[in-house]
Each structure stands twice: as structure tokens, then as C-alpha cells.
Amino acid sequence: MQHPANPNMDMLPASITGPSAWLGKDMVNAPDTWLYHLTAADVRDLESAAQHFQSLELDVGEISKETFPLATFGTHIQHLKQQLLTGVGLEVLRGLPIADYSQAFAATIFCGIGAHVGSARSQNADGHILGHVRDIGADANDPNSRIYQTCDRQTFHTDSADIVGLLCIRGAKEGGKSLLVSAESIYNRMKQQRPDLLEKLFDPIATDRRGEIPEGAKPFMEIPVLSWHAGYLTVFYQRQYIDSAQRFEGAMKLTPEHIEALNMFDALANDPALCFGMQLEPGDMQFVYNHSQLHDRTGFLDWPEPSQRRHLMRLWLSIKGDRPLPTCFKERYGSIEIGNRGGIITTQTKLHAPLD
């Protein structure tokens, strides 16, 4: 059956070109295309805006462009937004001296930049707009666990928002490398090598909600891995959640061809010619565009001392001027209104920003 979000396969391009259809080996050799070093003037501007916001004695969850006023760095944020929407689809800001900051001050700068990029979205059923990525001992094999709360390899995936931002507070003792791959480059390879399997990824494959279920919704979403809509290829993917959704009655059963297609997608995502990795340093802020890129993290060995353990802050953002999304994305995003979509909303959700 043809999914309404997707065309006849003959309508799909033979290949996708442009800066977001990059190859990992090229990104490794051209860090200037995705890495920006903050200048001393940038840091002063960000610190000044954070000091102003803190003087207002507001919750970080209430931060806005107006309460985090930038004198000069706003110019680079416009560049960052274009990098995400029409460029390579990612950027890392390096050089924030967070060793000098309290956790609240670092969060203020991170959320302040996020407020200039887009609107913050809830990351869980508790309404957290500031997430904390670290190992809390969750069981990666539990179908209701969130993978980011473990130390295991995550596998390549997308998050449920237009943009995901990470701020590295502390790294692990070993591992925890950030990995990225272009979904458009995976598409190009599959279109060339196995168009029959590529077609299976446009079916309404079920993805487990992992217990975070909006009122009246199914415990799984039916959003294809790949959608072709308004001239854009859009990706939505989390393999473990696809596999665990098979437990639900009513979920589309994966055929051997679907499984072969998913396995090929995963294999290409991990192909060293297509993907590349980076070790985020304390103070690094990484922003990734979820609709064209997938991200991952290698497993890690943490420090024994709780105060030294790996810790990243996370933002989910919706950005104005973005691409339209297929109607099926309402199952996850609630709304598909550009600039006001994404996140995890349930009846209990009240937006706030826990600092720890």
C-alpha cells in the first residue's frame, strides 16, 4: 500500500546533491565546514547576555531573545541557522570556557543561544526543555528505557525535533565519541545499489513511544524511516525503537525485506566513507539538523567519581523558515506548524528547565 506521505518511487531523484549530502571522509578533511571557534568578543557577548538574564531572576526555561540580548554574536547565529537548514546540517561551536562557569551560568548561555536559534521543545513527558544526557544506570534492553540514559552505544538515530543541540559539560574517561552521517548520502547509496530495499523504508514502519504516549494515541508511531515531501527527503529513525514496536498488536509487521532494508541502512550509516566522528570537548556546543542528518554516540567508560562523570546538556529546537513536514509527523510532533513543532507532549507536560 502506498503511504500518503510518499510518492511513487519513480518520482524520487536518482541522487540528492547539495551540502547536506556530504561524505564523512570529506568532513574529516574540511573541519572548517562544520567547526566554528568562538572569539574572545563572542565569549564576552555571551557572558554579558547571561549576566543580564540572571539579573532578571527568571527560570532558565523562560529565556528568550529579548531576555538574552546579544550585541554581536547574533550575526553568527544567523549563519548557524543557515548551516542547519541549507548547509551541511550541523555545526560545533568551540571555545566556551565553562571551567570558569557554574552549571547554571553554562545552562543560561546554552539556552540563550537556543532561544536565538528557535523555540525550545519538551524532551520528555515531564516537560524538560533542558535535557541531561548521562548514564543513570538505565537498562538498554528495557523497552521503556531511553538509550541516552545508559553508557551503551546508541546507534544512529534522529531526535523528535527539528534541531538537537548538545553542550558538553564533562567527557567520559574513555569513549563517548559523537558520530554523524547524512541520511541523503545513505539514500544515494541505496538508490544506486538496492532501490528495491530503499522502497521499503518509505512504508509506515512503527516506532515504539517507550511509554511516553499522548492521550488517545497508540503506543507506537507510524512514521516512515524516509519521507519525500515538498521536494525534501526527511528522515525519522531509531532502530531499537522500531524493533521493540513489533511487540504491539496493530503495528505493521516487518517483512524479511523490511529487515534487510533496515540492516542495509544501518550498515551504510556505519560505513567509514559516509560517517565521521568527533570527541566533544568541555564547552563544545553541537547543533544537528534532524531532518537530513542522523547522530550517534559510541559506548563509554565513565569516571568512578560522581562529580566527574560524563554530562551533556541537550536542547530540542523548532526553527522558523524550516521545511514543511508530512502530515504523519503529527503523530510525534503534535503540530507540524513550522517554527512551533516537535517535542514530547502529554497531558501532564509543563515546560521547565531543570539545571541538574
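**Figure 1. Helix α4 in the predicted model, end to end.** Helix α4 covers residues 103-117. At 1.5 Å a residue, its 15 residues should span 21 Å. The end C-alpha atoms lie 21 Å apart, which agrees with that expectation. Of the 15 residues of α4, 13 are buried, so the helix is largely enclosed by the rest of the structure.

**Figure 2. Two cysteines, C111 and C275, and their burial.** C111 has a relative accessibility of 4%. That is under 20%, so C111 counts as buried. C275 has a relative accessible area of 13%. C275 is therefore buried too, by the cut-off of 20%. The structure holds zero disulfides.

**Figure 3. The crossing of helices α3 and α4.** Helix α3 runs over residues 74-85. Its axis and that of α4 come within 10 Å. The two axes cross at roughly 65 degrees. That angle makes α3 roughly perpendicular to α4. The crossing is right-handed. On the α3 side, the residues that meet α4 are I77, L80 and K81. Their partners in α4 are I113, H116 and V117.

**Figure 4. Helix α8 and its buried residues.** Helix α8 takes in residues 256-269, 14 residues in total. From first C-alpha to last, α8 reaches 20 Å. This is close to the 20 Å expected at 1.5 Å a residue. The buried residues of α8 are H258, A261, L262, M264, F265, D266, L268 and A269.

**Figure 5. The packing of α5 against α8.** Helix α5 comprises residues 183-193. Two packed helices are described by the angle between their axes and the distance between the axes. For α5 and α8 the angle is about 125 degrees, and the axes are 10 Å apart. That makes α5 oblique to α8. The crossing of this pair is right-handed. From α5, the contact is made by I186, R189, M190 and Q193. From α8, the residues in the contact are A261, M264, F265, L268 and A269. These five α8 residues are also listed among the buried residues of that helix.

**Figure 6. E184 and its surroundings in helix α5.** E184 sits in α5. With a relative accessible area of 6%, E184 is buried. Beyond its neighbours within four places in sequence, E184 is in contact with I16, S20, A21, L233 and S292. W22 is 162 residues away from E184 along the chain. The C-alpha atoms of E184 and W22 are separated by 8.0 Å.

**Figure 7. G165 in strand β5 and the residues it touches.** Strand β5 spans residues 163-170 and includes G165. At 0% relative accessibility, G165 counts as buried. Leaving out residues up to four places away in sequence, G165 touches F110, Q286, F287, M313, R314 and L315. One of these, F110, falls within the residue range of α4. G165 and Q286 are 121 residues apart in sequence. In space, their C-alpha atoms are 5.5 Å apart.

**Figure 8. The whole chain, as context for the close-ups.** The chain has nine helices and 16 strands. Of its 356 residues, 56% are buried. Consider the contacts in the chain with a separation of 6 or more. Residues 24 or more positions apart account for 80% of them.

Definitions and conventions: Residues numbered from 1 in each chain as written. Predicted model: local features only at pLDDT ≥ 70, side-chain atom pairs only at ≥ 80, totals over all residues. Heavy atoms only, no water. Helix = DSSP H or I, 4+ residues; strand = E, 2+ residues; numbered from the N terminus. Expected span 1.5 Å × (residues − 1). Buried < 20%, exposed > 50% of the residue type's maximum accessible area, 1.4 Å probe, protein only. Disulfide = S-S within 2.5 Å. Axes fitted to C-alpha atoms, helices over the stretch in contact; angles between N-to-C directions. Parallel < 35°, antiparallel > 145°, perpendicular 65-115°, else oblique. Left-handed = near helix turned anticlockwise from the far one by under 90°. Contact = heavy atoms within 4.5 Å.
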